[in-house]
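Open the model in a viewer and keep the sequence panel visible. The stops below are given as selections, each followed by what is found there.

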Amino acid sequence: MPIWTVYIIYSGKRDRYYIGVTTDIQQRVKEHNTGLSPYTKGGTPWTLKHREEFKSIEEAYGREKFLKSKKSRKIIEKVVVSPDVRL
């Protein structure tokens, strides 16, 4: 059974965060940094700032949706800086 990871990466070039879901975090970050993801293509290099693991795809996508729905840089930075704080 795969482990699902919700991740937050950061681009200093764009000064932006990106939130996604994957089962292979190393491969996914590599894809972001080699231009294989259209949304993140122009922001390389991307740095992994945070990750959370889930046992099911439903949980992972639920968490991703929650984080993206906040549309707030302050919320994202709070999660990145204080990973033990669950929002």
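## The largest pocket

The largest pocket has a volume of about 250 Å³. Bear in mind throughout that this is a predicted model. To display the pocket, select its lining: Asp15, Arg16, Tyr17, Tyr18, Ile19, Tyr39, Leu67, Lys68, Lys71, Ser72, Arg73 and Ile76. Colour the selection by secondary structure element. E2, H2 and H3 each contribute at least two of the lining residues. Which element gives the most to the lining? It is E2, with four residues.

Several of the lining residues return at later stops, including Asp15, Lys68, Ser72, Arg73 and Ile76.

## Helix H3

Next select residues 73–81, which make up helix H3. Start just before the helix, at serine 72. A side-chain oxygen of serine 72 comes to within 3.3 Å of the backbone nitrogen of lysine 74, at the start of H3.

Now show the side chains of Ile76, Val79 and Val80, which are buried. They lie on the same side of H3, because the arc they cover around the axis is only 100°. To see what this buried side meets, add E1 (4–11), E2, E3 (46–54) and H2 to the view: the buried residues of H3 pack against these elements. Then turn to the face of H3 directed away from the buried side, where the exposed residues Lys74 and Val81 are found.

Stay on H3 and select arginine 73 and glutamate 77. A salt bridge joins this pair, with the closest N and O atoms 2.9 Å apart. The two residues are four positions apart in H3, about one turn of the helix. Arginine 73 is partly exposed, at 36% relative accessibility, and glutamate 77 is also partly exposed, at 28%. Add Asp15 to the selection, since Asp15, Arg73 and Glu77 are linked in a network of salt bridges. Asp15 and Arg73 also belong to the pocket lining shown at the opening stop.

## Helix H2

Move to residues 57–70, helix H2. Select lysine 68, another residue of the pocket lining, together with glutamate 64. Their side chains meet in a salt bridge, with an N to O distance of 3.1 Å. What separation along the helix lies between lysine 68 and glutamate 64? About one helical turn, because the two are four residues apart in H2.

Colour the pair by accessibility. Is glutamate 64 buried or exposed? Glutamate 64 has a relative accessible area of 11%, so it counts as buried, the cut-off being under 20%. Lysine 68, at 38%, is partly exposed.

## Strand E3

Select residues 46–54, strand E3, and centre on glutamate 52, which lies in this strand. Glutamate 52 is buried, with 9% relative accessibility. Its side chain has polar partners to display. One is the side chain of histidine 50, in a polar contact of 2.8 Å. Another is the side chain of arginine 63, where the polar contact is also given as 2.8 Å.

Add threonine 5 and draw a C-alpha to C-alpha distance. Glutamate 52 and threonine 5 are 47 residues apart in sequence, and their C-alpha atoms are 5.5 Å apart in space.

Now take the residues on either side of glutamate 52 in the sequence, arginine 51 and glutamate 53. The side chains of these two meet in a salt bridge of 3.6 Å, N to O. Arginine 51 is partly exposed, with a relative accessible area of 41%. A search of the whole structure finds six salt bridges.

Phenylalanine 54 is also in E3. This residue is buried, at 10% relative accessible area. For a separation to set beside the previous distance, pick lysine 30: it is 24 residues from phenylalanine 54 along the chain, and the C-alpha atoms are 21 Å apart.

## Strand E2 and threonine 22

The last selection is residues 16–22, strand E2, which holds threonine 22. Threonine 22 is buried, with a relative accessible area of 10%. Show its surroundings: beyond residues up to four places away in sequence, threonine 22 touches Ile3, Trp4, Thr5, Tyr7 and Arg28. Thr5 is the residue paired with glutamate 52 in the distance drawn at strand E3.

Finally, display the backbone of aspartate 24. A polar atom of the threonine 22 side chain lies 3.1 Å from the backbone nitrogen of aspartate 24.

Methods
Residues numbered from 1 in each chain as written. Predicted model: local features only at pLDDT ≥ 70, side-chain atom pairs only at ≥ 80, totals over all residues. Heavy atoms only, no water. Buried < 20%, exposed > 50% of the residue type's maximum accessible area, 1.4 Å probe, protein only. Polar contact = N/O pair within 3.5 Å; in protein donor to acceptor, adjacent residues only side chain to side chain. Contact = heavy atoms within 4.5 Å. Salt bridge = Lys/Arg side-chain N within 4 Å of Asp/Glu carboxyl O. Arc of directions from axis to C-beta. 1 Å grid on protein atoms, 1.4 Å probe; cavity = no way out; pocket = protein on both sides within 12 Å on 5 of 7 lines; lining within 4 Å. Points joined across faces, edges and corners; volume = space filled by probe spheres on them.
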